[in-house]
Amino acid sequence: MNNTAVKTTLIKNAHTVVAWDDDRQTHVYRHQTDVAFADGKVIHVGAGYTPAAGADVTVVDGAGMMVMPGLVDIHSHLVHEPINKGYTDETGSAGLYNSNLYEYMPTMLGEPEAAPAQLTLAAAELLMSGVTTVVDMSIIHDHWLDVLVQSGLRAYVAPMFRSARWYTRNGHVVEYEWDEKAGEEGMERALKLIDRAEAHECGRLRGMIVPAQIDTCTADLLRDSHAEARRRKIGWQTHAAQSLPEFHEITRRHGLTPVQWLHDLGVLDQDSIVGHGIFVDDHPNTHWSTATDLSILAETGASVAHCPTVFMRRGMALRDFGRYRRAGINMGIGTDTYPHNMIEEMRHVGYLARLMAESPRTVTTGQVFHAATAGGAKALGRTDIGRIAVGARADLVLVDMTHHLMQPARDPIRSLVYAAADRAVHTVYIDGQRVVHEGKVHSLDYRTAALQVNEAQQRALKRVPERDRVAGRTAEQMSPLSFDTL
């Protein structure tokens, strides 16, 4: 008989706990509250927890702390985005409705050897901003699983594959190089990596099937990948309605909007995620003849991954987050781009929604926080993350309410989102294991990784002219510095 006591961690007398109210299906504030967890699960939420006699208990002083559920990032590209910092902040093709996808993004690529450093840097950013679960949509690279496991993140490994590559030779026409076999082979490679991820002994890795973009995949690849996701009972996601050139391309090919075409293919359901979903039929910039896209998304149960920051850079916006919610669409949030800071992303969600709606009443901070936690969990088909409740995974974030940027602390979630952001994140637990303490990640050498990413960018900058199909421009011509260098 094994008499070894289960190790329990008790966060005692927390100033505030953002707890889950199952009856109301919402978060609530609870004050002077204990949270206890063991074996990776929450076992108690309430005042005055009394451990069993002889229990092995580690007590964490919750005074001056807010305990909130770990954030769920459902759309991110951890290995691709860090190298773009300082290069794509202000770029966009004037002839392609200011999209950055076709002319600028392909010119800044890190070599495969830089992939682990980029992933390390982005993963650390996520952890230090309170993210405990991430969907990482990347191209397959060496050490992907190794770095994710080392980070401690709960991660959905989502290798992207596609039937075509896009490019532009003049800055106003998008062309496609089709290779259907490459798409099929890419899916096979993705499935093999997903198998490895789901079999990993850490138990925190799962897979998601991701045909990369709606306009770069054949109808067969979209349908087949979705069928495989249903067979395996895992999630499925694609980029759709993310740019006006894509919207026009899909309507030209099929006479349907991107959302309508996905619906026609039968790939929208409660386990499907539409990455971005901005340019729907009734968006004022599409000038389309129908107004059914939002109802399609709501009726099929598909979720939308909303990532405002990267589009704000191009002067684009979903219109608007509150309107989508009121239509009955499940909304989740993703960081998508640098910085991989989920709290700042939440801030942008709220501000941009109110700007687009021209009303401060279109969405509340509580609704935004819901999307970043329980909404993201729902998109992943889970009820055991994104909430603090007995039986849920012990994915918890301790926020230092004594931090000067958290004061006044009348409404601590508002203080966190609109003022303090990641600077007040003190401790993060994932599956009951501490992965961030005193605001620092100790499992990843992100400082060295940052230097390595900087060096990789310097090498990539030299190759910009050969990657620019329009005019062979230099990096300085494509993305001028903020100031001239003398």
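A residue counts as exposed when its relative accessible area is over 50%. In this predicted model, glutamate 358 comes out at 73%, so it goes down as exposed. That residue also has an unusual-looking entry in the backbone list: its phi is positive, about 55°, although it is not a glycine. As for where it sits, glutamate 358 belongs to the loop between α10 (342–357) and α11 (365–379).

Glutamine 32 is another non-glycine residue with a positive phi, here about 45°. Its setting is a strand, β2, which covers residues 26–38. The relative accessible area of glutamine 32 is 44%. Since the partly exposed class runs between the buried limit of 20% and the exposed limit of 50%, glutamine 32 is therefore partly exposed.

Then there are the peptide bonds. Arginine 319 and aspartate 320 are joined by a cis peptide bond, with omega at about -25°. Aspartate 320 is found in the loop that runs between α8 (308–312) and α9 (321–326). A cis peptide bond also links glutamine 407 to proline 408, and omega there is about -5°. Proline 408 is placed in a loop as well, with β16 (396–400) on one side and α12 (412–420) on the other.

Put side by side, the backbone entries pair up by kind. Positive phi turns up at glutamine 32 in strand β2 and at glutamate 358 in the loop between α10 and α11. The cis bonds involve aspartate 320, in the loop between α8 and α9, and proline 408, in the loop between β16 and α12.

How values were computed:
Residues numbered from 1 in each chain as written. Predicted model: local features only at pLDDT ≥ 70, side-chain atom pairs only at ≥ 80, totals over all residues. Heavy atoms only, no water. Helix = DSSP H or I, 4+ residues; strand = E, 2+ residues; numbered from the N terminus. Buried < 20%, exposed > 50% of the residue type's maximum accessible area, 1.4 Å probe, protein only.
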